Amino acid sequence: STQMARIGLLRTATLAAIICACVCYLLATNDVQSDVRLLLLDSAARDGGVRMSQLAVRASVKDQVEGSRVPSSREVRKPIDAVASLLAREELYKAVAKDEAAQRGRKGGAGFVAWKKTLSSPAVQTEVEGEVKSRLLNHSSAYGAQIRRKLPHSFRRLLPALATEAAHEATSEAFHKLRSQMVKAGQWDVGYLPRGNSLVGQPRTFGGKFNGDKAGLGKACKEACNEHTACRGYTYNPSKGVCYLKTVDTPEGGFSCTSADCWYWGQVLSHPHVQSLSIPDAERDLGLKVTDLKIGTGEEVKKGDTVTMGYVGKLADGSVFDQGQYVFEFGAGQVIEGDDIGLKGVRVGGKRRLVVPPSLAYGSQGYPGAIPPDATITFDITILSLSHHGIASGYKASNSPS
């Protein structure tokens, strides 16, 4: 049957991925072929990316390479990302196979039912991420030794932080891709986009015009998404006649539903990622608020510059949750998205106030002990200096903002 054919194809693809992982592992033990393997892995690892909260993995040391070009964070992480991507897929497939074996023999428990359970489990994702990080930092393994050989010596002190970032991003990407493959293979009835990540003013109801009209609602949602640069995807429910415009385009997964209560998803791939948005688009669609408190007279901050900023961060009640000086590469994802967008065009000596919504800050998770979930935060930021080279990771340079 068509269903059995789909299951066979997906399982064949999974087996091929596991075999590929094993072959690449064998190649890793051969120094002569290691460069070729890394090039192949790098091509796969760069296919997409999931940004994590940089605050969670800030390096607490300054870069000490002076008088020469400092590699960018992407260059430094290149061999780590490549291996992390492979390991994340390998560990995920191992977890899926383990759960499938454990469920075998139980009524309705094996096959893709077990896959859904695995892919929907935060605990399994955390476990896979931990295994990936551990293997990246295992210096006695072929992978760990090769990473250390490829990593510039002056950056080896940053390896724990870089491995944490790489493991998180690679694991998230692996889970997203396998969920998406299952949605497209029909193993989940429909796809949906993650909660949150919505543009301002959602959901769209279209005055009830498309209640029960799946084709009409899907078309209207796509047109609405095309009208907003910040929109990359949309989720819609025909029975309710509503849709949500989103800043993400990859389905989180799927679920079984009745024909009267299904959510569907679509995407607009031509739009830029959030980090590339202009300030006006981010203010209109995402709720970012940018106010110049003082116009600077120095150089304008450009992507790739290393910026030193003084900042005071406040919650909605006016309480200060953090302050100091922070050094980071602008436009490299080393600060929250609200900062990378809201500081565009600022000059040295300038001061800006950024009111940042949760979707551009710390989201539904917040930052334990400092920022509650779904918090809108305010930063008063002064640009103290800049230099024209990148750094591997941002760091806090002082507890004083001035």
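A contact is a pair of residues with heavy atoms within 4.5 Å. The exercises below concern a predicted model.

**Exercise 1. Overall build**

Task: Describe the protein by its secondary structure, its buried share, its contacts and its surface.

Solution:
- Step 1. Begin with the secondary structure: the protein has ten helices and eleven strands.
- Step 2. Turn to burial. The protein has 402 residues, and 49% of them count as buried.
- Step 3. Consider the contacts between residues at least 6 apart in sequence: 74% of these join residues at least 24 apart.
- Step 4. Finish with the surface. The accessible surface is about 19,100 Å², and carbon and sulfur atoms account for 53% of that area.

**Exercise 2. The disulfide**

Task: Determine which cysteines form a disulfide, and state the handedness of the link.

Solution:
- Step 1. Establish the number of links: the structure contains one disulfide.
- Step 2. Identify the partners. The sulfur atoms of Cys225 and Cys231 lie 2.0 Å apart; the cut-off for a disulfide is 2.5 Å, so this pair qualifies.
- Step 3. Read the angle about the S-S bond. The value is -100°, and the link between Cys225 and Cys231 is left-handed.
- Step 4. Locate the partners with respect to the surface: Cys225 and Cys231 are both buried.

**Exercise 3. Two further cysteines**

Task: Decide whether Cys221 is buried or exposed, and do likewise for Cys243.

Solution:
- Step 1. Recall the cut-off: a residue is buried when its relative accessible area is under 20%.
- Step 2. Apply the cut-off to Cys221. Its relative accessible area is 0%, and therefore Cys221 is buried.
- Step 3. Apply the cut-off to Cys243. This residue also has a relative accessible area of 0%, so Cys243 is buried.

**Exercise 4. A cavity between helices**

Task: Describe the second largest cavity by its volume, its lining and the elements that supply the lining.

Solution:
- Step 1. Count the cavities: there are two of 30 Å³ or more.
- Step 2. State the volume. The second largest cavity holds about 40 Å³ of space.
- Step 3. List the lining residues of the second largest cavity: Ser85, Ala88, Arg89, Ala170, Glu173, Ala174 and Lys177.
- Step 4. Assign them to elements. Helix 3 (73-103) and helix 7 (159-184) are the elements that each give two or more residues to this lining. Helix 7 supplies the largest share, four residues.
- Step 5. Sort the lining by character: three residues are nonpolar, one is polar and three are charged.

Technical notes
Residues are numbered from 1 along each chain as its sequence is written. This is a predicted model: local features need pLDDT of at least 70, side-chain atom pairs count only at pLDDT 80 or more; totals for chains, interfaces and linings use all residues. Side-chain values use heavy atoms; hydrogens and water are left out. Buried means under 20% relative accessible area, exposed over 50%, partly exposed in between (1.4 Å probe, protein chains only). Accessible areas come from the Shrake-Rupley method with a 1.4 Å probe; for residues, only the protein chains shown count as cover. On a 1 Å grid over the protein atoms alone, a cavity is a set of points where a 1.4 Å probe fits but cannot get out, and a pocket is an open set with protein on both sides within 12 Å along at least five of seven lines; lining residues have an atom within 4 Å of a point. Grid points are joined across faces, edges and corners, and a volume is the space filled by probe spheres set on the points. Ala, Val, Leu, Ile, Met, Phe, Trp, Tyr, Cys and Pro count as nonpolar, Asp, Glu, Lys and Arg as charged, and the others, Gly among them, as polar.
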